[in-house]
Amino acid sequence: MTKEETSDRAWYIGVGREDVGDAAILIGDPARIARIADHLEDPVFLPENRGLRTVTGVRAGRRVTATAFGMGAPIATIVLHELYALGIRTFLRIGTAMAIPPAAVGEFVLADGALRADGTSDTYAPLGYPAIADFALNTALRKRLGEGSRRWHAGIFGTYDGFYTEMFGLSGARREMIGSLKKDIERMGLIGTDMETSALLVAARVLGARASTLCVATVDAHTQEKIGESAMAEAEVELFEVALDALAALPA
Ligand SMILES: O=P(O)(O)O[C@H]1O[C@H](CO)[C@@H](O)[C@H]1O
Ligand SMILES: O=c1cc[nH]c(=O)[nH]1
């Protein structure tokens, strides 16, 4: 797709131009759609297609659409691309990432950019093209994060395609290999890893839209310990609030 391409109805998300707002929240887990809807006025749940769940509602006067893509860069960029074609120009991915020290489990990690170890972003621009978050969106996020009490870090994410090959080692030699990769990531000063950010940042830039990622760090890179359920539920509520307030504060 080029900047001029548009459509009135999205093939995979299954929604039309009139169904969406002017900013989008991209979520991985479909279960989070019903929960973020509680933070919107007049939420309208759109018919689910291929497991892609969407809700549109209003936050402080701004019409916002949240769509769940599942996991991984290929489907996340399909969702961004379709929403772009329907007219949306602002995208914020919210979800979870692995914590790279000094970022710790339970803290927020905000992507200013991302190391492109995914394959999908290459289909938008060659590897020399940087994956950079939108400055205005990140300024609004920084302001809102500064008003809260949860610790947060801003910096570079690493985005990988292989969950059990590059991110989370189950056992044995594979786990050791992934452990060395983590040490290297830490040496480079990355703050978190996920499976979508670099692809979304590159796709949005190339298309002419703004994008960023804000996550809760939920897994410790070295011990692979996960956040507890109640701590995650609490962090998720704050994540929704920060994300929606920052989007509402942005000029259209
Ligand atoms: O942000 P959520 O949906 O939690 O997604 C994160 O968890 C999944 C598995 O690692 C990946 O999709 C990753 O980015
Ligand atoms: O380990 C993790 C946790 C969340 N998201 C990821 O991509 N990896």
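This passage walks through a predicted model, from its annotated domain to its ligand shells, strands, core and odd backbone spots.

Since the model is predicted, local features need pLDDT of at least 70 and side-chain atom pairs count only at pLDDT 80 or more, while totals for chains, interfaces and linings use all residues. Residues are numbered from 1 along each chain as its sequence is written, and chains are lettered from A and ligands numbered from 1 in the order in which they are written.

On the annotation side, an unreviewed UniProt entry lists residues 23-223 as "domain: Nucleoside phosphorylase"; UniProt positions follow the numbering used here, feature names are shortened, and annotations may be inferred rather than shown by experiment. That stretch is 32% helix and 37% strand, with its end C-alpha atoms 37 Å apart. Helices (H or I, at least four residues) and strands (E, at least two) are DSSP runs, numbered from the N terminus.

Ligand 1 comes with a shell made up of G28, D29, M71, G72, G95, T96, F163, D194, M195 and E196, where a residue belongs if its C-beta atom, placed from the backbone, lies within 6 Å of the molecule. By type, this shell splits into three nonpolar, four polar and three charged residues. Here Ala, Val, Leu, Ile, Met, Phe, Trp, Tyr, Cys and Pro count as nonpolar, Asp, Glu, Lys and Arg as charged, and the others, Gly among them, as polar. Around ligand 2 sit T96, A97, M98, M167, F168, T193, D194, M195, T218 and V219, and the split there is six nonpolar, three polar and one charged. Strands β5 (90-99), β9 (192-194) and β10 (210-220) each put at least two residues into the shell around ligand 2, with β5 giving the most, three residues.

Those strands lead on to the sheet pairings, where two strands pair if DSSP finds at least two bridges between them. β5 and β10 run parallel over 10 bridges, and T96 of the ligand 2 shell has V216 in β10 as its bridge partner. V216 is also the bridge partner of F108, as β6 and β10 pair in the antiparallel sense over three bridges. On top of that, β6 is joined in parallel to β8 (residues 152-160) by nine bridges, one of the pairs being R116 with T159. Strand β7 (residues 131-132) pairs antiparallel with β6 over two bridges, and G113 stands opposite I132 there.

G113 itself lies in β6 (residues 108-117). With 19 other C-beta atoms within 10 Å, G113 comes out as partly exposed; buried takes 20 or more other C-beta atoms within 10 Å of a residue's own, exposed 12 or fewer, and partly exposed is in between, with C-beta atoms placed from the backbone. Leaving out residues up to four places away in sequence, G113 touches P130, A131, I132, A133, I156 and L201, contact being C-beta atoms, placed from the backbone, within 7 Å. G113 and F157 are 44 residues apart in sequence, yet their C-alpha atoms are 6.3 Å apart in space.

The largest nonpolar core has 77 residues, and I25, L26, L80, F91, L200, L214 and A243 touch the most other members. Its largest share, eight residues, comes from helix α7 (residues 229-249). Such a core is a set of buried Ala, Val, Leu, Ile, Met, Phe, Trp, Tyr and Cys residues joined through C-beta atoms within 7 Å. Beyond its neighbours within four places in sequence, L214 contacts L92, I94, F108, L110, L141, L239, V242 and A243. Eight of the 11 residues of β10 are buried, so this strand is largely enclosed by the rest of the structure. The same goes for helix α6 (residues 197-207), where 10 of the 11 residues are buried, L200 and L201 among them. Right after α6 comes G208, with a positive phi near 95°.

A few other backbone spots are worth listing. The P101 to P102 peptide bond is cis, with omega near 10°, and P102 is in the loop between β5 and β6. A60 is not a glycine but has a positive phi of about 45°; A60 is in the loop between β3 (52-59) and β4 (62-68) and is exposed, with 11 other C-beta atoms within 10 Å. Q224, also other than glycine, has a positive phi near 65°. Q224 is found in the loop between β10 and α7 and is partly exposed, with 16 other C-beta atoms within 10 Å.

Methods: Two residues are in contact if their C-beta atoms, placed from the backbone, lie within 7 Å.
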